[in-house]
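Please examine the sequence and the structure shown below. The paragraphs that follow lead through selected strands, one surface patch and a pair of cysteines.

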Amino acid sequence: MQCVGEENWVDSRTVYIGHREPPPGTDAYIVQKYPDNRIVSSKYTFWNFIPKNLFEQFRRIANFYFLIIFLVQGYEDWLRHKADNAVNNCPVHVIQDGKVVQKQSRKLQVGDIVMTKENETFPCDMVFLSSSSDDGTCFVTTASLDGESSTKTYQAVQDTKALRTEAEVDTLNASIECEQPQPDLYNFVGRINIYHETEEPIARPLGSENVLLRGATLKNTQSIYGVAIYTGMETKMALNYQSKSQKRSAVEKSMNMFLIVYLCILISKALITTILKYLWQSDSVRDEPWFNIKTQAERQRNKFLSSFTDFLAFMVLFNYIIPVSMYVTVEMQKFLGSYFISWDEEMFDDEICEGPIVNTSDLNEELGQVEYVFTDKTGTLTENNMEFIECCIDGHVHVQHSISNGQSFYSNAAIDFIDAPTGIADQERKELFFRALCLCHTVQVKREDETDYQKQHQDGRSSVYISSSPDEIALVEGVKRLGFTFLQVKDNFMELENPEAEIERYELLQILNFDSVRRRMSVIVRSVTGEIILFCKGADLSIFPRVKAGKLDLVRQRVQQNAVVC
């Protein structure tokens, strides 16, 4: 039997009352399962929350914008991880059981004795024990720490500088007491205690000149030995970039200001519309129209709570006022703009065959916020290339062709003497001045082989002068052109060659280094005749008040003239 209209049913179900089994002979009996009587109004379950919620969130374009920012920042942080892994896994040389053992940089520990070779970067902060130089010095560039491109001289501990081999260094029995890690690059306070079997421990003070910082590079020294005192995030380099606050660019500040203005507009608009709504609903006819009759619970609802929820509802309705995409647009511009820095051919360094590496998209924004550049001396923004042009000796001006770091910039090789001295006394004062320039410095000599200087000089090969100050190199090279050649410092004796090709030796008694307070440096030497001489050089404001005799006015006038011309 067929019911009326049964042929028009799209789908049908059969329900057996009381869950009884169908009677025998029922055709096409199919067991059907029906849901229970639970009501589910929630959207998510424990299993589908993450995928379904992500799908719902990214249906909103605003959230997709923030996903782009998330991906950009994640990519930049991945680049930092990549760079960190390259640094942490680089090989370093450690002394163990009298032998050189290679290990990864991240496995260095405080107390390890590290060997660093020329042109290598120090893997940690360490106390300088000894070097391949006889005088226990080494030369270091700290451009990655303080931006200074000049070479600085560091001193090994006096009692350990004689340890030259791995076996000798490994026999050292000592302990170091020092301050807790500090971000200050220029100060260090510590003490090394050296123990002997039959003697009392020897204590020696340690200063900043005895500490080699991570990030600095060893230059013009074959190798050095040092003991690690600060490692990892306790190094001064790490403490410095941790303590620095993040700079905010003018673009970011203006964006924040605009967003504050937009937020104020949004709040004002939502507040005004909420007030207008309740003014409109003050009439009972408008409050409950025939198509929107309130329930009893709505009539008894707290007025303050209702007004607050209405205010939030208007905030949601007008949220398009906030330009969400603006942040993403700026982030994408910075991210893509950082690649233009990497592609800039003018920033490619031909010496190291490397271009700029951008690890953060904020780099171009940080460069763009620089408004003023102050520099206190040559070298911060220039090549730090000094030239010896002229000298004024007791009022007599001596001019030579331009020399800079061993390179002659003019074809004229002659030396011109303006108002040159003629008497024997004047000639002696001139030679004394040249000897002062040849001895009053901290310049070191680097040669290509181990042969003596005389042989090199005869073969026509010139030595390379090394110093922490390019001024000193220019002066030593300049006085060399005038006939006085600085040869070397050996066994605490400074050697020079005079114009008659004679070797003069002076015992080095003391060096008073240049500092910003004294603004001058001095050396005390003893000649072969036993005469003790103090040579001093420095800024004119520091030297002139100490001059007791001589043609001071003429020299001062010449210095002033050169200052105006330069």
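In which sense do strand 4 and strand 10 pair, and over how many bridges? Strand 4 pairs with strand 10 (residues 211-212) in the antiparallel sense, over two bridges. The model is a predicted one, in which local features need pLDDT of at least 70 and side-chain atom pairs count only at pLDDT 80 or more, while totals for chains, interfaces and linings use all residues. Residues are numbered from 1 along each chain as its sequence is written, and side-chain values use heavy atoms, with hydrogens and water left out. Strands (E, at least two residues) and helices (H or I, at least four) are DSSP runs numbered from the N terminus, and two strands pair if DSSP finds at least two bridges between them.

Within the pairing of strand 4 and strand 10, Val127 has Val211 as its bridge partner in strand 10. Strand 4 (residues 125-131) also runs antiparallel to strand 12 (residues 223-230), to which six bridges join it. There, Ser131 stands opposite Ile224 of strand 12. Strand 4 is mostly covered, since seven of its seven residues are buried; buried means under 20% relative accessible area, exposed means over 50%, and partly exposed lies in between (1.4 Å probe, protein chains only).

Strands 7, 8 and 9 form an open sheet in the order 7-8-9, with antiparallel pairing. Strand 7 (174-178) and strand 9 (202-206) stand at its edges; each has a single partner strand, so one side of each is left without a neighbour in the sheet. The twist from one strand to the next averages 20°; axes here are lines fitted to C-alpha atoms, for helices over the stretch in contact, and angles run from 0 to 180 degrees between N-to-C directions. Strand 7 and strand 8 (residues 190-194) run antiparallel and are joined by five bridges. Cys178 has Gly190 in strand 8 as its bridge partner.

A further open sheet has five strands in the order 19-20-21-22-23, again with antiparallel pairing. Its edges are strand 19 (485-490) and strand 23 (532-538), each with a single partner strand, so one side of each has no neighbour in the sheet. On average, neighbouring strands of this sheet are turned by 35° against each other, direction ignored. Five bridges join strand 19 to strand 20 (residues 493-497), which run antiparallel, and Phe486 has Leu496 in strand 20 as its bridge partner. Leu512 belongs to strand 21 (residues 503-512) and is partly exposed at 35% relative accessibility. Its C-alpha atom is separated by 9.8 Å from that of Cys440, 72 residues apart along the chain.

Why does Cys536 form no bond with Cys440? The sulfur of Cys536 is 6.4 Å from the closest cysteine sulfur, in Cys440, which is too far for a bond. A disulfide is counted when a pair of cysteine sulfur atoms lies within 2.5 Å, and by this rule the count comes to zero disulfides. Cys440 is buried, with a relative accessible area of 2%, whereas Cys536 is partly exposed, at 37%.

On the surface, Met257, Phe258, Ile260, Val261, Tyr262 and Ile265 make a nonpolar patch of about 550 Å². Patches are made of residues with over 30% relative accessible area and no salt bridge (a side-chain nitrogen of Lys or Arg within 4 Å of a carboxyl oxygen of Asp or Glu); like charges are joined within 9 Å, and nonpolar side chains (Val, Leu, Ile, Met, Phe, Trp, Tyr) within 5 Å. Accessible areas come from the Shrake-Rupley method with a 1.4 Å probe, and for residues only the protein chains shown count as cover. Ile265 lies in helix 6 (residues 250-280) and is partly exposed, with a relative accessible area of 43%.
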